[in-house]
Amino acid sequence: MEDKSIYRLIETFCLSDSLECYDPYDVWMTDFGIRVKQLYNTNALLGLIPAAVVTIWDQFFNNTLRIGYKKQEYPTARATAALALLNLYEKNQKEEYLVFARKHINWLLDHSCKGYSGLCWGLGFKWAAGDGLDYDENTPFSTHTPYVLEALHKYVEVTGDVTYIPQIKSVFEFYENDIQTMYEDDESLATSYGPEKDRLVTNAVSYTLYAYTIFLHYFPEKEAELSHKIRKLFTFIRNKQRSDGSWLYEPENPDSFIDCFHSCFILKNLYKANRAVALSGCSDLVNLGYQYIKANFYTSNHQLFKRFTLSNKPSIIKFDLYDNAEMLHLAILLDDATMVSNLHSTIGRKFVVKNGVYSAIDIFNSRGNKNTLRWAVMPYLHALSAMNTH
């Protein structure tokens, strides 16, 4: 895909007042889907057949029709659209990119979660996440809020406009007062996924770490305190990296999994955090994790990255754009030019058809989940915007 095609694809999706779309989770947002997911989370044996039936119906019979589903907006789609446009604006100063980046940011400010200490965002829909762990549509997360925070920070950096600094400081209040401590000792710290003591998730800790490196720019009077917290969060992540370079999604859960895009999240957050605060040994840690991904997730015959190296549930998806988009972005950050060139080309051939972008290739090698912006078209466009285009 040439530079002009990259710009045109990003513009097609991001230069829009509305980012409403369908989503791969549509079926799990329905009342019936939520009940099936809750049953599976409570008793996998009892829930396996109904979950399989729902999955097969959604992927093979209703993927194009979308019967019973409705399009909606997603905060992370808006945030990544803003980030992609700000990246393009840095390259060519086209005012339209800045106009729509502001529109997406202002939408986010109007649609934050309510009832918390500061501005924050979540999925925007009900999510049966685990046994007895059900989040409602107003629940904010430490994994989602940083996308908006980064967009606000990027806007300030790119434009010099300080308009959004109060909003950035409001996000800080959310992290300080609503995100909970899950584990802490003298050397390390781990924080919650949501605004309760819910579960310990490695990539959630890495997002909180990255968020605090952004806060450093806006609270110079708190530099010592914030730097100390950042290093404790980093120490926790470092200590949970396995000898092969991988991380379990939930490091204290023996039934956890290791997947590609969450692994990329951790490495991206560590890389970006290390640029702001020198974290001892971080580069070696990132390199070890990156080598693990390349050695264990990459399938040479398809030239794509698979989802799992350790799975705790079956799947009918062979390859997902999310894994490959995040790996593409990570390779860009780490300046792995060969990987960027090869993966960029393969994604373009296998997931992109004219102005349609598909998010899944199933076990029968059929594409599905067309133009689902949250998962994972916008992450892909964000990665494209970070490429060395002119």
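Biologist: Is Thr202 buried or exposed?

Modeller: Thr202 counts as buried, at 1% relative accessibility. Buried means under 20% relative accessible area, exposed over 50%, and partly exposed in between, with a 1.4 Å probe and protein chains only. The model is predicted: local features need pLDDT of at least 70, side-chain atom pairs count only at pLDDT 80 or more, and totals for chains, interfaces and linings use all residues. Residues are numbered from 1 along each chain as its sequence is written, and side-chain values use heavy atoms, with hydrogens and water left out.

Biologist: Where does Thr202 lie, and which residues does Thr202 touch?

Modeller: Helices (H or I, at least four residues) and strands (E, at least two) are DSSP runs numbered from the N terminus. Thr202 belongs to helix H9 (residues 202–215). Contact means heavy atoms within 4.5 Å. Not counting residues up to four places away in sequence, Thr202 touches Trp247, Leu248, Tyr249, Pro251 and Ile266.

Biologist: How is a nonpolar core to be read, and which residues of the largest one touch the most other members?

Modeller: A nonpolar core is a set of buried Ala, Val, Leu, Ile, Met, Phe, Trp, Tyr and Cys residues joined through side-chain atoms within 4.5 Å. The largest here has 127 residues, and Phe215, Leu270, Tyr380 and Leu381 touch the most other members. Helix H5 (residues 75–92) supplies the largest share of this core, 10 residues. Another core, of 7 residues, lies apart from it and includes Val27, Trp28, Val36 and Val54.

Biologist: Which residues are in contact with Leu381?

Modeller: Leaving aside neighbours within four places in sequence, Leu381 is in contact with Leu9, Ile10, Phe13, Cys14 and Ala84.

Biologist: What span does helix H15 have between its end C-alpha atoms?

Modeller: The expected span of a helix is 1.5 Å times one less than its number of residues. For a straight helix of 13 residues that gives 18 Å, whereas H15 (residues 373–385) spans only 15 Å. Helix H15 is also largely enclosed by the rest of the structure, because 13 of its 13 residues are buried.

Biologist: How should salt bridges be read, and how many are there?

Modeller: Side chains of opposite charge can pair when their charged atoms come close. The rule requires a side-chain nitrogen of Lys or Arg within 4 Å of a carboxyl oxygen of Asp or Glu. By this rule the count is 15 salt bridges. In one of them, the closest N and O atoms of Lys229 and Glu176 are 2.9 Å apart. Lys229 lies in helix H10 (residues 223–240) and Glu176 in helix H8 (residues 165–177), so this pair ties together parts that are 53 residues apart in sequence. Lys229 is partly exposed at 23% relative accessible area, and Glu176 is partly exposed at 28%.

Biologist: Are Arg307 and Asp323 buried or exposed?

Modeller: Arg307 counts as buried at 17% relative accessibility, and Asp323 is buried at 0%. Their side chains meet in a salt bridge at 2.8 Å, N to O. Salt bridges that share partners also join Glu11, Lys94 and Glu96 into one network.

Biologist: Which residues form a nonpolar patch on the surface?

Modeller: Patches are made of residues with over 30% relative accessible area and no salt bridge; like charges are joined within 9 Å, and nonpolar side chains (Val, Leu, Ile, Met, Phe, Trp, Tyr) within 5 Å. Ile56, Trp57, Phe60, Phe61, Leu65, Ile67, Ile363 and Phe364 form such a patch, with about 830 Å² of accessible area together. Accessible areas come from the Shrake-Rupley method with a 1.4 Å probe; for residues, only the protein chains shown count as cover. Within the patch, Phe60 lies in helix H4 (residues 44–61) and is partly exposed at 31%.
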